[in-house]
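Here is my note for you, as one reader of structures to another. Please keep the picture open while you go through the points.

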Amino acid sequence: MNPKMRESEVAEPGTTREGKPPVFGTYSSLSRRSFLSRLGATGIATASPAVAIANVVDAPDTPPARRAGTQTVHLSINGKRQTLQLEPRVTLLDCLREVVQLTGTKKGCDHGQCGACTVLVNGRRINSCLSFAAMHEGDEITTIEGLGTPQEMHPMQAAFVEHDGYQCGYCTSGQIVSAVGMLKEPWGPADKDVREAMSGNICRCGAYPNIVRAIQMVRSRVSQQGVDA
Ligand code: FES
Ligand code: FES
């Protein structure tokens with residue numbers, strides 16, 4: 001973790017949600033009932049668009065400037081501590097994309113149905129569109145940007161390249177992050193197990209066979225060579 005934090009500006013408000021009630025997703029730990037009840041508690045289930053209001057401040061001990069209706073949220077994003085001022089209704093996905101400017105995590109359905117927004121929270125994969133950022137106080141968030149770089153790719157990223165596990169690429173960051181998470185879960189080793197485990201990540205281009213091959217290659221390297229995936 002880099003303790004030296006950069007100074008960031010106050011983000012301009014973003015309007016990203018359509019006001020439709022989200023749908024419970026494959027990986028969310030929330031039940032549909034509890035999620036909708038939280039929506040009701042924060043007033044998100046209205047026709048008005050959500051507005052992401054945030055401060056990102058340099059040092060985690062520095063109190064950020066408060067804005068009416070916001071709360072302080074501390075997140076560790078890709079190993080970097082962030083102190084944010086967020087409206088309670090800002091989803092983790094919008095926080096990452098609109099506030100922290102990490103746009104590798106994609107918004108597909110925004111309803112928990114496609115998996116494009118998958119990130120790791122404390123090592124566990126979730127649909128970030130179904131989770132409020134304020135619910136993750138102190139959590140470790142890993143996005144696709146935190147896995148590797150073009151020069152030094154994560155084994156799963158390299159496997160997707162090697163096996164052409166994508167076409168348009170829109171689902172790919174979610175697929176890769178989800179695959180990294182699922183290899184740490186107690187799924188069986190067969191292709192059908194991978195397909196089941198990855199069923200929450202939709203690929204409109206139909207790259208599924210190559211995605212499975214990529215994941216299986218990483219799995220075999222993990223078991224044979226002890227490569228950390
Ligand atoms: S599941 Fe979150 S954007 Fe589709
Ligand atoms: S590569 Fe196009 S949606 Fe998956």
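The points below go from the whole protein to single residues.

1. Let us begin with the overall picture. Please remember that this is a predicted model. The protein has 229 residues, and 49% of them count as buried. Its secondary structure consists of seven helices and eight strands.

2. Next, the surface and the contacts. The accessible surface of the protein is about 10900 Å², and carbon and sulfur atoms account for 52% of that. If you take the contacts between residues at least 6 apart in sequence, 64% of these join residues at least 24 apart.

3. Now look for the largest pocket, which holds about 180 Å³ of space. Which residues line the largest pocket? You will find Gly108, Cys114, Ala116, Cys168, Tyr170, Cys171, Ile202, Arg204 and Cys205 there. Sorted by type, the lining has seven nonpolar residues, one polar and one charged. The charged one is Arg204, because Arg counts as charged.

4. Helix H5 covers residues 172–182, and eleven of its eleven residues are buried, so the helix is largely enclosed by the rest of the structure. Among the buried residues of H5 are Thr172, Gln175, Ile176, Val180 and Met182.

5. Stay in helix H5 for a moment, where serine 173 lies. Is serine 173 buried or exposed? Its relative accessibility is 11%, so serine 173 counts as buried, the limit being under 20%. Leaving out residues up to four places away in sequence, serine 173 touches Gly104, Thr105, Lys106, Ala116 and Ile144. One of these, Ala116, also appears in the lining of the largest pocket.

6. Helix H2, residues 92–99, is mostly covered too, with seven of its eight residues buried. The buried ones are Leu92, Leu93, Asp94, Cys95, Leu96, Arg97 and Val99. In the loop between strand E5 (80–86) and H2 you will meet valine 90. Valine 90 has 3% relative accessibility and counts as buried. Its C-alpha atom is 6.1 Å from that of alanine 133, although the two residues are 43 apart along the chain.

7. Histidine 136 deserves a look as well. You can find it in the loop between strand E7 (124–127) and strand E8 (140–142). With a relative accessible area of 8%, histidine 136 is buried. What does the side chain of histidine 136 make a polar contact with? The partner is the side chain of serine 131, at 2.5 Å. Apart from neighbours within four places in sequence, histidine 136 is in contact with His74, Leu75, Leu92, Val121, Ile126, Ser131 and Ile141. Leu92 in that list is also one of the buried residues of H2.

8. Finally, two backbone angles to check. Most residues other than glycine have a negative phi. Glutamine 101 is not a glycine, yet its phi is positive, about 65 degrees. Glutamine 101 follows H2 and sits in the loop between H2 and strand E6 (118–121). With a relative accessible area of 52%, glutamine 101 is exposed. Aspartate 164 likewise has a positive phi, near 50 degrees. Look for aspartate 164 in the loop between helix H4 (155–162) and H5. Aspartate 164 is partly exposed, with a relative accessible area of 46%.

How values were computed: Residues are numbered from 1 along each chain as its sequence is written. Chains are lettered from A and ligands numbered from 1 in the order in which they are written. This is a predicted model: local features need pLDDT of at least 70, side-chain atom pairs count only at pLDDT 80 or more; totals for chains, interfaces and linings use all residues. Side-chain values use heavy atoms; hydrogens and water are left out. On a 1 Å grid over the protein atoms alone, a cavity is a set of points where a 1.4 Å probe fits but cannot get out, and a pocket is an open set with protein on both sides within 12 Å along at least five of seven lines; lining residues have an atom within 4 Å of a point. Grid points are joined across faces, edges and corners, and a volume is the space filled by probe spheres set on the points. Buried means under 20% relative accessible area, exposed over 50%, partly exposed in between (1.4 Å probe, protein chains only). Helices (H or I, at least four residues) and strands (E, at least two) are DSSP runs, numbered from the N terminus. Contact means heavy atoms within 4.5 Å. Accessible areas come from the Shrake-Rupley method with a 1.4 Å probe; for residues, only the protein chains shown count as cover. A polar contact is a pair of N or O atoms within 3.5 Å; within protein, one must be able to donate a hydrogen and the other to accept it, and residues adjacent in sequence count only if both atoms are side-chain atoms.
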